[in-house]
Amino acid sequence: MQQYKILAINPGSTSTKIAVYTNEQPDFEQVIRHNADELKEFSKIIDQYEYRRQLVEKALIDNNVKISELSAVVGRGGPLKPLASGTYVVNDVMVEDLKIGVQAEHASNLGGLLARGIASQTGIPAFIVDPVSVDELEPLARITGMPEISRRSLFQALNLKAVARRVAKDLQQDYNSLTLIMVHLGGGISVGVQRGGRMIDVTNPNDAGPFSPERAGCLPTHDLVKMCFSGNYTISDIRKKLVGNAGLVAHLGTNDGREVEKRITAGDTKATLVYEAMAYQVAKEIGAMATVVSGSIHAIVLTGGLAYSQMLVKMITDRVKFISQVLIYPGENELQALVEGTLRVLRGEEQPKIYE
Ligand SMILES: Nc1ncnc2c1ncn2[C@@H]1O[C@H](COP(=O)(O)OP(=O)(O)O)[C@@H](O)[C@H]1O
Ligand SMILES: CCCC(=O)OP(=O)(O)O
């Protein structure tokens with residue numbers, strides 16, 4: 001079998017996760033942490049490019065990997081224009097959109113740029129896989145009660161698509177024949193319904209659905225508008241109150257599910273109420289997504305870091321198990337998903353897509 005060596009890069013707000021795989025086998029995985037003081041000097045996320053590139057290249061040297069040995073480099077894709085699921089070549093048009101943050105500023109915009117920057121040194125291909133702007137929404141799912149505002153498809157597509165493939169394999173079913181409710185339980189939470197290989201409805205973790213460890217989720221609109229016009233907050237304050245300083249962080253001062261569970265076990269009633277409320281909102285959204293496909297579902301799938309939590313998983317499962325079986329795939333496995341998407345293209349199992 002041909003051997004492919006692939007560097008995968010997943011930039012997050014406080015870390016850059018990297019891995020080198022030979023085919024499906026990891027040679028090494030490393031989390032490079034960026035402390036808040038180091039990041040403070042960059043006014044925009046995009047300005048961190050050079051700083052993060054140098055750290056990735058140092059990690060390759062530390063792990064005895066030469067760029068010249070690599071077959072391809074792949075990065076997590078950011079909020080680009082709405083696009084179909086798949087593996088994309090990082091081309092000039094994409095580079096421009098990643099630089100300007102065409103739908104939003106997000107650390108994942110650095111993924112394609114870092115992949116291209118490193119790959120171009122030896123002329124190997126650079127890819128992204130299932131960026132957060134994968135958009136397969138049905139027309140019905142886009143409409144709101146305010147014609148000027150449509151619902152947008154932004155979610156943890158990379159993990160949810162990879163896990164849906166794994167579920168199909170484990171159930172020995174064709175990926176395109178399954179109807180699944182897919183739930184990413186991470187720092188942000190998204191709940192979607194995938195039918196025929198397409199995520200036909202999904203909540204954007206940054207402005208809808210359940211609250212999460214660090215995001216506010218769906219809010220009563222009038223109260224939010226009143227807060228925005230109160231004169232007490234800048235736009236940046238409000239953004240932080242919605243994403244970053246919201247959810248468990250706002251209620252309990254931590255974004256760590258393990259810490260919350262320690263408090264619950266020690267008898268902290270506030271922690272219990274807030275954690276249960278988060279599970280309640282996730283379950284309610286799963287119920288809503290079940291109506292999208294009239295209840296005809298093969299499985300509800302829970303994934304992401306919080307799916308490691310037996311306590312949270314039980315709280316959710318107790319409320320939704322009447323709908324369908326609940327399958328648990330803990331972790332976010334994004335580096336592996338990037339490598340899998342790249343291998344499908346290098347092996348000719350899938351055509352690479354071109355971003356326009
Ligand atoms: N064993 C566990 N029990 C409870 N919570 C956990 C556990 N492992 C991870 N988490 C929580 O999962 C969340 C992070 O999930 P993850 O999918 O890694 O998020 P993201 O990639 O969005 O930052 C954090 O709140 C973390 O505390
Ligand atoms: C922008 C939507 C996807 C998202 O929220 O991803 P993270 O949870 O990784 O920030």
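This report describes the overall form, the domains, the core, the ligand surroundings and a few single residues of one protein model.

## Overall form

The model is a predicted one, and the protein in it has 13 helices and 12 strands. The radius of gyration is 20 Å, close to the 21 Å that the globule rule gives for 356 residues, so the protein is as compact as a globular protein of that length. Taken along the principal axes, the C-alpha atoms fill a box of roughly 55 × 50 × 50 Å. Of the 356 residues, 40% count as buried. Among the contacts with a separation of 6 or more, 70% are made by residues that stand 24 or more positions apart in the sequence.

## Two domains and the contact between them

The protein is divided into domain 1, which takes in residues 5-135 + 334-354, and domain 2, which covers residues 157-330. Between the C-alpha centres of domain 1 and domain 2 the distance is 25 Å. The contact between these domains takes 11 residues from domain 1 and 6 residues from domain 2. On the side of domain 1 that touches domain 2, helix α13 (residues 334-346) gives the most, with 4 residues, and by class this side has 6 nonpolar, 1 polar and 4 charged residues.

## The nonpolar core

In soluble globular proteins, nonpolar side chains tend to be buried together. In this protein the largest nonpolar core has 84 residues, and those with the most contacts inside it are Ala8, Val74, Ala115, Phe127, Ile181, Ile286 and Val301. Helix α11 (residues 269-292) provides the largest share of this core, 9 residues, while the core as a whole draws at least three residues from each of domain 1 and domain 2. Val301, one of the residues with the most contacts inside the core, can be looked at in more detail. Leaving aside its neighbours within four places in sequence, Val301 is in contact with Val163, Val167, Leu180, Ile181, Met182, Val183, Leu327 and Tyr329.

## The surroundings of the two ligands

Around ligand 1 there are 15 residues, of which Gly186, Gly257, Gly305, Tyr308 and Ser309 come nearest. The largest share of this shell, 3 residues, comes from helix α10 (residues 257-265). By class, the shell around ligand 1 divides into 3 nonpolar, 8 polar and 4 charged residues.

The shell around ligand 2 is made up of Pro79, His106, Val132, Leu154, Phe155, Gln156, Gly186, Gly187, Gly188, Pro205 and Asn206. These residues comprise 5 nonpolar, 6 polar and no charged ones. Both domains take part in the surroundings of ligand 2, since at least three residues of its shell come from each of domain 1 (5-135 + 334-354) and domain 2 (157-330). Gly186 is named among the nearest residues around ligand 1, and Gly186 is also listed around ligand 2.

## Single residues in loops and in a helix

Most residues other than glycine have a negative phi, and most peptide bonds are trans. Against that background, the phi of Asn23 is near 50 degrees, a positive value in a residue other than glycine, and Gln172 has a positive phi of about 55 degrees although it is not a glycine either. The table sets out where four residues lie and how many other C-beta atoms surround each of them.

| Residue | Place | Other C-beta atoms within 10 Å | Class |
|---|---|---|---|
| Asn23 | loop between β2 (15-22) and β3 (25-33) | 15 C-beta atoms | partly exposed |
| Gln172 | loop between α6 (157-170) and β7 (179-185) | 6 C-beta atoms | exposed |
| Gln173 | loop between α6 and β7 | 13 C-beta atoms | partly exposed |
| Thr291 | helix α11 | 10 C-beta atoms | exposed |

The classes follow from the counts: Gln172 is exposed because 6 other C-beta atoms lie within 10 Å of its own, where 12 or fewer make a residue exposed, and Gln173, with 13 such neighbours, counts as partly exposed. Leaving aside neighbours within four places in sequence, Gln173 is in contact with Ala168 and Leu178.

Two pairs of residues relate separation along the chain to distance in space. Gln173 and Ile328 are 155 residues apart in sequence and 17 Å apart in space, taken from C-alpha to C-alpha. For Thr291 and Val163 the separation in sequence is 128 residues, and their C-alpha atoms are 22 Å apart.

Conventions: Residues are numbered from 1 along each chain as its sequence is written. Chains are lettered from A and ligands numbered from 1 in the order in which they are written. This is a predicted model: local features need pLDDT of at least 70, side-chain atom pairs count only at pLDDT 80 or more; totals for chains, interfaces and linings use all residues. A residue is near a molecule or strand if its C-beta atom, placed from the backbone, lies within 6 Å of it. Helices (H or I, at least four residues) and strands (E, at least two) are DSSP runs, numbered from the N terminus. Ala, Val, Leu, Ile, Met, Phe, Trp, Tyr, Cys and Pro count as nonpolar, Asp, Glu, Lys and Arg as charged, and the others, Gly among them, as polar. A residue is buried if 20 or more other C-beta atoms lie within 10 Å of its own, exposed if 12 or fewer, and partly exposed in between; C-beta atoms are placed from the backbone. Two residues are in contact if their C-beta atoms, placed from the backbone, lie within 7 Å. Domain bounds come from an automatic or database domain assignment. The radius of gyration is taken over C-alpha atoms; the globule rule is 2.2 Å times the number of residues to the power 0.38. A nonpolar core is a set of buried Ala, Val, Leu, Ile, Met, Phe, Trp, Tyr and Cys residues joined through C-beta atoms within 7 Å.
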